Amino acid sequence: MTSGITRRVRVLLWAARAGAADHSAVFTWKTWLFGWFVRMLAQVLFFATAGNLLGPGQARYLLVGNAVLMVALHGLFATASTTWELENGTLPLLVASPSSPSLVLTGRSLFWLPDGVACGLGAFLLLGPVVHLPIGLSAVALVTCLLVLVGLTTYALGLFLGSLVLTATDLRNVVSNAALVVMMALSGVEVPASAVGPVLGRIGAALPLTHGLLAIRRVLDGRGGGQVALLAAQEALVGACWLAAAVAVLTLRARRSRRDGAALFLT
Amino acid sequence: MSLLAAAGRFQGQLVLTHRDYLIDLVRTPLLAAVFLLLVRHSGQPQLIAYGLVAPVLMAVWSMAMLISGEVVDSDRQLGTLELVIAAPVDFARLVVSRVWVTTTISLLTVVEVFAVSVLGFGITPEVDHPVVLVLGLLATAAATAGAAGLMAALFVATRTARTFQNTLSYPFLLLGGVFVPLDRLPAWTHPLGRLIYLSWSADLLRAALAPAPVAGAAWRICVILGLGLLAALVGRLVLGRVVRMVRETGTVGLR
Amino acid sequence: MPALSGNQLAVETHDLRREYRARRGAGVTALDGVSIEVAQGEVHGLLGPNGAGKTTLMKILSTVLLPTAGSGRVLGHDLATEYRRIRPLLGIVFGGERGVYPRLTARQNLRYWAALYGLSTAAGRSRTEELLDEFGLAERAGDRVETYSVGMRQRLHLARGMVADPRVLLLDEPTNGLDPLAARQLRELIGRLAGEGRTVLLATHDLDEAELLCDRVTMINNGRVVAAEAPKTLARLLSRQERIRVRADPALLDQVRALPEVTEVAAADDGAAVVSVGSQEAVGRVLAFVVAAGVTEVRTELPNLEEVYLRLVHRNDERSVVAR
């Protein structure tokens with residue numbers, strides 16, 4: 001037996017590896033690049049071209065928002081891939097093991113993170129010139145870090161939603177898609193928070209992506225330093241809250257399923 | 001006709017038991033809100049029709065793609081695909097029969113988008129050419145069934161096609177001029193975009209919501225139907241090859 | 001393997017009840033007062049038809065399900081409250097295809113579960129290689145599990161259950177769905193694991209398997225214990241009838257049939273006749289009769305577990321019908 005922390009990290013890494021194996025079974029580099037990545041670029045372009053119709057400066061605003069949204073989209077895939085664990089029939093064995101099933105499920109879908117960051121960053125670098133978005137090398141580094149952060153925070157939300165629909169697998173795509181469109185509306189992706197009114201704006205502030213996207217816009221505006229750091233910290237805090245909620249729900253469900261023999265472990 | 005009814009009933013039951021299929025009925029009102037927010041924020045009220053048409057067409061397209069993929073995929077997983085293909089009904093007609101139900105359901109999004117517009121934004125859409133709108137929507141639904149048949153055929157023919165199913169969304173919506181009219185995209189995209197019936201549907205439906213008279217409505221509706229028919233015919237051709245392949249090798253699909 | 005301590009029982013349950021709430025209507029009682037005792041080092045069979053409650057009992061013992069009433073202990077730890085102490089001591093193998101990651105290799109699967117059971121990286125690595133060798137998976141250890149045969153997959157399940165070198169091994173229908181050869185290989189492995197002084201609890205509906213592997217069996221039907229004995233004792237317990245297999249001409253068989261002790265004479269597959277006799281004492285008299293008639297090919301038999309099983313389950317059903 002080894003110390004708690006290293007043990008947890010090891011479990012997390014192995015769970016991530018199991019998820020990555022699922023990912024590589026779905027995609028080859030060719031299907032990823034010419035299928036998946038092209039589709040992501042098309043979505044960013046779909047909204048960026050709308051900017052040309054809507055008014056000056058809109059194209060750039062929409063390109064940035066939707067490029068970062070691609071990272072969030074990947075984070076929300078955790079909703080669906082969390083339920084993949086159910087299909088493997090490993091959940092009862094996980095619960096019976098000395099490790100926590102929520103730890104495993106947390107690591108299980110982490111493989112979307114590099115995929116999402118690659119899509120988001122790719123959209124910036126390839127489509128940026130289309131809307132004359134100048135982006136320097138240091139800005140690229142900073143934006144990349146912020147994309148990773150957004151990937152993690154939206155992943156936490158995806159995990160939370162996944163924990164809710166863990167046994168209702170036919171709802172997983174409905175829930176994650178609805179969440180994504182809500183984020184499009186409320187997180188400053190398509191229109192600034194001021195355009196949705198105070199109440200909806202407050203809901204947007206409780207969602208991941210909102211602060212991270214603002215931070216990225218600041219970086220691209222050439223404003224850096226304290227404000228970006230503060231926004232990043234807020235984004236991290238929001239993500240941590242969603243992660244805590246996800247772990248709480250998973251733990252609760254595991255405990256409850258022991259008592260009532262819920263479908264979770266009887267499949 | 002009885003096949004159409006039976007397959008339709010089957011698909012209807014499937015939609016009701018698998019809530020996944022209703023994804024677009026949930027997503028579309030939200031998307032409508034996003035588009036109307038965009039339009040309102042831009043301060044260009046003449047673009048409202050764009051914001052109303054886009055979510056409906058996105059729903060119709062995405063639902064048809066989802067179903068055509070799932071029809072094939074679930075049958076393949078259940079091991080019934082070979083049986084269905086070997087059954088003495090024309091597989092293409094079967095797919096189209098199953099797709100038309102979902103296409104019809106996806107037209108419900110018209111009501112949803114209308115409701116979001118009125119209740120959420122206080123905008124009552126003005127339909128200046130109601131006949132053109134209704135005929136345009138019906139033609140679009142028919143063409144969608146044809147396109148879905150083609151997609152199902154491709155899914156049957158190649159296993160990897162499922163991986164590309166996601167790819168069929170935004171590239172087609174972009175080139176189909178669903179929000180930004182094809183005319184506003186670079187000229188080199190036009191020949192390709194005009195092959196996608198969505199670009200004709202989008203233009204026609206937007207025109208139906210505008211006060212200006214609609215030029216050549218009948219002709220444009222015919223183009224939409226023609227493109228749908230063309231897709232269905234190509235789909236049949238592909239399926240014919242697949243059926244021959246099944247009889248020779250005993251399995252469906254290439255890796 | 002940790003040393004066995006004292007004469008503590010490996011598994012004991014007292015009056016376990018488990019009900020499932022149905023969404024509509026009345027609940028289902030899966031276990032209805034089950035008490036079992038399994039000594040350390042014993043290979044104990046749980047025998048019963050599908051739906052008898054075996055899997056529910058296994059789930060309770062593997063700590064993923066709480067009993068509705070009653071109590072149980074594994075190696076002295078309470079199932080309801082001390083499950084955290086039990087989990088590292090248990091190895092669990094469910095039958096069927098599920099329970100490993102099909103897209104990982106066998107080696108990756110074992111390393112993964114080693115991590116989950118708290119083995120260090122080095123220990124996990126060496127344990128994995130040990131198990132791959134022991135379970136005949138070393139050659140294909142680098143291939144994805146989805147390419148494995150059902151038999152190999154099931155051996156991997158068993159290896160997975162052994163990853164933490166458990167003191168108690170719970171096997172729920174491990175040979176389910178295996179072809180006869182693969183099932184035999186797996187039984188040999190289970191026999192070997194049991195020989196190492198481990199406690200094994202084996203749920204099965206295969207009587208030969210129970211007879212071959214188990215020191216004792218508990219028969220369960222409709223959530224109740226029907227009998228708990230050594231397989232041979234159980235057979236004897238039930239055999240108010242003994243049987244004699246003879247090879248004789250039809251005329252003699254007619255005479256045998258006329259004897260008062262004989263209840264039935266039936267033809268066996270191999271052309272011999274199976275004579276059922278009312279009581280053990282009568283066997284001698286019938287034997288003496290056929291030997292005196294010059295028959296040389298004769299032997300006595302106990303009914304096999306299958307017949308016992310069918311009769312016990314049947315008897316129990318009849319009884320419950322009467323009780324209602």
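This is a short talk through a predicted model with chains A, B and C.

Okay, let's start with chain A and what the record says about it. UniProt, in an unreviewed entry, lists residues 28-218 of chain A as "domain: ABC-2 type transporter transmembrane". In the model that span is 77% helix and 0% strand, and its end C-alpha atoms lie 36 Å apart. The unreviewed entry also carries the annotation "transmembrane region", and that covers residues 36-54, 61-84, 109-127, 139-162 and 228-252 of chain A.

I looked at two of those stretches. Residues 61-84 of chain A come out as 96% helix and 0% strand, with 36 Å between the end C-alpha atoms. For residues 109-127 of chain A, we get 84% helix and 0% strand, and the ends are 28 Å apart, C-alpha to C-alpha.

Now, the helix I'd like you to find on your screen is α1 of chain A, residues 4-26. α1(A) has 23 residues. From first C-alpha to last, α1(A) reaches 34 Å, which is close to the 33 Å expected at 1.5 Å a residue. Which of its residues are buried? The list for α1(A) is A:Arg7, A:Arg10, A:Val11, A:Trp14, A:Ala15, A:Ala18, A:Gly19 and A:Asp22. And what do those buried residues pack against? Partly against chain A itself, namely α3 (58-82), α4 (84-88) and α6 (101-108), and partly against chain C, namely α3 (106-116) and α4 (121-134).

That takes us to the contact between A and C. Here 26 residues of chain A are in contact with 25 residues of chain C. On the chain A side, the elements giving two or more residues are α1 (4-26), α5 (91-96) and α12 (226-260). The largest share comes from our friend α1(A), with nine residues. By class, the chain A side of this contact splits into 12 nonpolar, seven polar and seven charged residues.

Let's put the contact between A and B beside that. This one has 32 residues of chain A in contact with 31 residues of chain B. Here α2 (29-54) and α9 (172-186) of chain A each supply at least two residues. α2(A) gives the most, with 14 residues. As for the mix, the side of chain A that touches chain B has 20 nonpolar, nine polar and three charged residues.

A quick word on chain B. How many helices and how many strands does chain B have? The count is 11 helices and zero strands. Chain B has 255 residues, and 49% of them count as buried. If you take the contacts in chain B between residues at least 6 apart in sequence, 80% join residues at least 24 apart.

Right, on to chain C, where the strands come in. Chain C is divided into domain 1 (9-236) and domain 2 (240-301). The C-alpha centres of these two domains of chain C lie 43 Å apart.

One open sheet in chain C has four strands in the order β2-β1-β4-β5, and the pairing is antiparallel. Its edge strands are β2 (28-39) and β5 (77-78) of chain C, and each of those pairs on one side only. If you zoom in on β1(C), residues 9-20, you'll see that nine bridges join it to β2(C), running antiparallel. To get your bearings there, go to C:Leu9, whose bridge partner in β2(C) is C:Ala39. As general background, strands of a sheet pair through backbone hydrogen bonds, either parallel or antiparallel.

Further along chain C there's a hairpin, made by β12(C) and β13(C), with five residues between them. In the turn, C:Gly271 has a positive phi of about 95°. The two strands, β12 (262-267) and β13 (273-277), pair in the antiparallel sense over five bridges. Is β12(C) well covered or hardly covered? Hardly covered: among its six residues, the count of buried ones is zero.

Now look at C:Val262, which stands opposite C:Val277 in β13(C). C:Val277 counts as buried because it has 24 C-beta neighbours inside 10 Å, and the cut-off is 20 or more. One last distance for C:Val277: its C-alpha is 40 Å from that of C:Gly95, and the two are 182 residues apart along the chain.

That's my tour, thanks for listening.

Definitions and conventions
Residues are numbered from 1 along each chain as its sequence is written. Chains are lettered from A and ligands numbered from 1 in the order in which they are written. This is a predicted model: local features need pLDDT of at least 70, side-chain atom pairs count only at pLDDT 80 or more; totals for chains, interfaces and linings use all residues. Two residues are in contact if their C-beta atoms, placed from the backbone, lie within 7 Å. Ala, Val, Leu, Ile, Met, Phe, Trp, Tyr, Cys and Pro count as nonpolar, Asp, Glu, Lys and Arg as charged, and the others, Gly among them, as polar. Domain bounds come from an automatic or database domain assignment. A residue is buried if 20 or more other C-beta atoms lie within 10 Å of its own, exposed if 12 or fewer, and partly exposed in between; C-beta atoms are placed from the backbone. Two strands pair if DSSP finds at least two bridges between them. UniProt positions are given in the numbering used here, feature names are shortened, and annotations may be inferred rather than shown by experiment. The expected span of a helix is 1.5 Å times one less than its number of residues.
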